[in-house]
Amino acid sequence: TYHGYATPLHKIRHDDMLPAQLLTPFQADNDHHIKDTYNYLTVQTDIRMPRRYFSYLQDEYRQRRVCEAIQMAVRYQEEELDRDARVLNVAAGPGLHAMAALDAGARHVTCVERWLY
């Protein structure tokens with residue numbers, strides 16, 4: 001049973017607070033009904049993201065497989081298609097994939113990351 005007066009303040013009841021339709025970040029930031037919830041979720045994501053990177057960095061099998069795929073893609077661009085490999089690394093995180101692309105022979109790597117740490 002849900003008792004609104006007995007729950008901690010940091011709990012979110014999604015059906016009451018989140019919109020029924022998908023909003024863009026601009027709309028969520030400027031809609032006075034949803035702004036506080038959007039800001040709360042943004043802060044919670046900012047707090048949890050570095051922890052996710054640490055667990056990802058410890059997964060050696062996954063790291064090895066991703067680096068192999070990057071090497072195959074860069075080699076394909078350079079050898080089969082005879083093009084300079086240019087890589088866009090979206091959600092770059094700690095930058096390991098960018099370094100793997102450079103090690104594989106990419107001519108240029110651009111990293112994009114929302115979080116600044």
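The following conversation goes through a predicted model and asks what lies behind the words used for it.

Biologist: What should I know about the numbering and the model before we start?

Modeller: Residues are numbered from 1 along each chain as its sequence is written, and side-chain values use heavy atoms, with hydrogens and water left out. As this is a predicted model, local features need pLDDT of at least 70 and side-chain atom pairs count only at pLDDT 80 or more, while totals for chains, interfaces and linings use all residues.

Biologist: How do you know how many helices and strands the chain has?

Modeller: Helices are DSSP runs of H or I with at least four residues, strands are runs of E with at least two, and both are numbered from the N terminus. The chain comes to five helices and two strands, in the order α-α-α-α-β-α-β.

Biologist: What makes the reach of α4 close to the expected one?

Modeller: The expected span is 1.5 Å times one less than the number of residues; for the 21 residues of α4 (60–80) that gives 30 Å, and the helix reaches 29 Å from its first C-alpha to its last.

Biologist: Why are Q63, I70 and V74 said to lie on the same side of α4?

Modeller: These three residues are buried (under 20% relative accessible area, with a 1.4 Å probe and protein chains only; exposed is over 50%, and partly exposed is in between). They cover an arc of only 30° around the axis, taken from the directions to the C-beta atoms, so they share one side of α4. On the other side, Y61, M72, E79 and E80 are exposed.

Biologist: Why is the pair of R65 and E68 called a salt bridge?

Modeller: The term asks for a side-chain nitrogen of Lys or Arg within 4 Å of a carboxyl oxygen of Asp or Glu, and this pair meets at 3.5 Å, N to O, so the name applies. R65 and E68 are three residues apart in α4, which means about one helical turn between them.

Biologist: What makes D84 and R107 a salt bridge as well?

Modeller: Their side chains meet at 3.7 Å, N to O, which also satisfies the 4 Å limit. This pair links distant parts of the chain, with D84 in the loop between α4 and β1 and R107 in the loop between α5 and β2, 23 residues apart.

Biologist: Why does R107 count as exposed, whereas D84 counts as partly exposed?

Modeller: R107 has 54% relative accessibility, over the cut-off for exposed, whereas D84, at 46%, falls in between the two cut-offs and therefore counts as partly exposed.
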